[in-house]
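Hi there,

Here is the structure I promised to pass along. Have a look at it first, and then read on for my notes on charged side chains.

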Amino acid sequence: MVLLIPQPEAGTEQAGPDARGAGKQRRMDIAQALRASLTDEFEAQRCVVGIGRSYEGLEGIRQGYREAVKAVRLGSKSQAEEGCVYYGDLGVYRLLHPLYHEEELKRLYEETIGPLVQYDRMHSGRLAETLSEFFACNGSLADTAEKLYIHVNTIKYRLDKIAQLTGCRVHDAEERLLLHMGLKIYHYLQSE
């Protein structure tokens, strides 16, 4: 289903000073109401609403539609669980999609996160999950340990194991970026 919502504000969202302001909130409110209505009507179906940014003209309709579709496809599980995914909230995934070159993305994934996923499968491990949570906790060992219900020393051990398997240390800025991008690519490839 496609729903076009006319915008009362003048100009495009991109030209406006606050892309996350009232225009976005208005669309999110409408999307939440629509989702609630659909969920009531079709109880057995899972409903996720994708929201594109606001543009002018016919080409703008096409662009907003593309963004809404990408929002549903690329949105994180937590965004999808909330039911509405705004394209502007996709962060780095907005950059990955236009640059999509499957072989190069897979190569970077294999060089970074691939060994962790393989290790986790073979040993029933949780290295990829630990790394993801470590990044979500902004590198805080204590917060990561608390979220995962394990001891800080276990986090340290897992981070050392991650460095052994990938050759990337989380305390080196360039290597941390590679690991973080590897995780994003992993999630991106999973959504394809």
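Let me start with Glu59, which is partly exposed, its relative accessible area being 46%. Please keep in mind that this is a predicted model. The side chain of Glu59 forms a salt bridge with that of Arg66, with 4.0 Å from N to O. Arg66 is partly exposed too, at a relative accessible area of 37%. There is a further member to look for here: Glu59, Arg62 and Arg66 are joined in a network of salt bridges.

How many salt bridges does a search of the whole structure find? The count is 6, and two others may interest you.

One of them pairs Glu67 with Arg53, whose side chains meet at 2.7 Å, N to O. This pair links distant parts of the chain, 14 residues apart: Glu67 belongs to helix H2 (residues 57-74), while Arg53 sits in the loop between strand E1 (49-51) and H2. Is Glu67 buried or exposed? Glu67 has a relative accessible area of 1%, so this residue counts as buried, the cut-off being under 20%.

The other joins Glu175 and Arg169, and their closest N and O atoms are 3.7 Å apart. Glu175 is buried because its relative accessible area, 18%, falls under 20%. Arg169, in contrast, is partly exposed, with 44% relative accessibility.

When you open the model, you could begin with Glu67 and Arg53, the pair that links distant parts of the chain, and then turn to the network of Glu59, Arg62 and Arg66.

Best wishes

How values were computed
Residues are numbered from 1 along each chain as its sequence is written. This is a predicted model: local features need pLDDT of at least 70, side-chain atom pairs count only at pLDDT 80 or more; totals for chains, interfaces and linings use all residues. Side-chain values use heavy atoms; hydrogens and water are left out. Helices (H or I, at least four residues) and strands (E, at least two) are DSSP runs, numbered from the N terminus. Buried means under 20% relative accessible area, exposed over 50%, partly exposed in between (1.4 Å probe, protein chains only).
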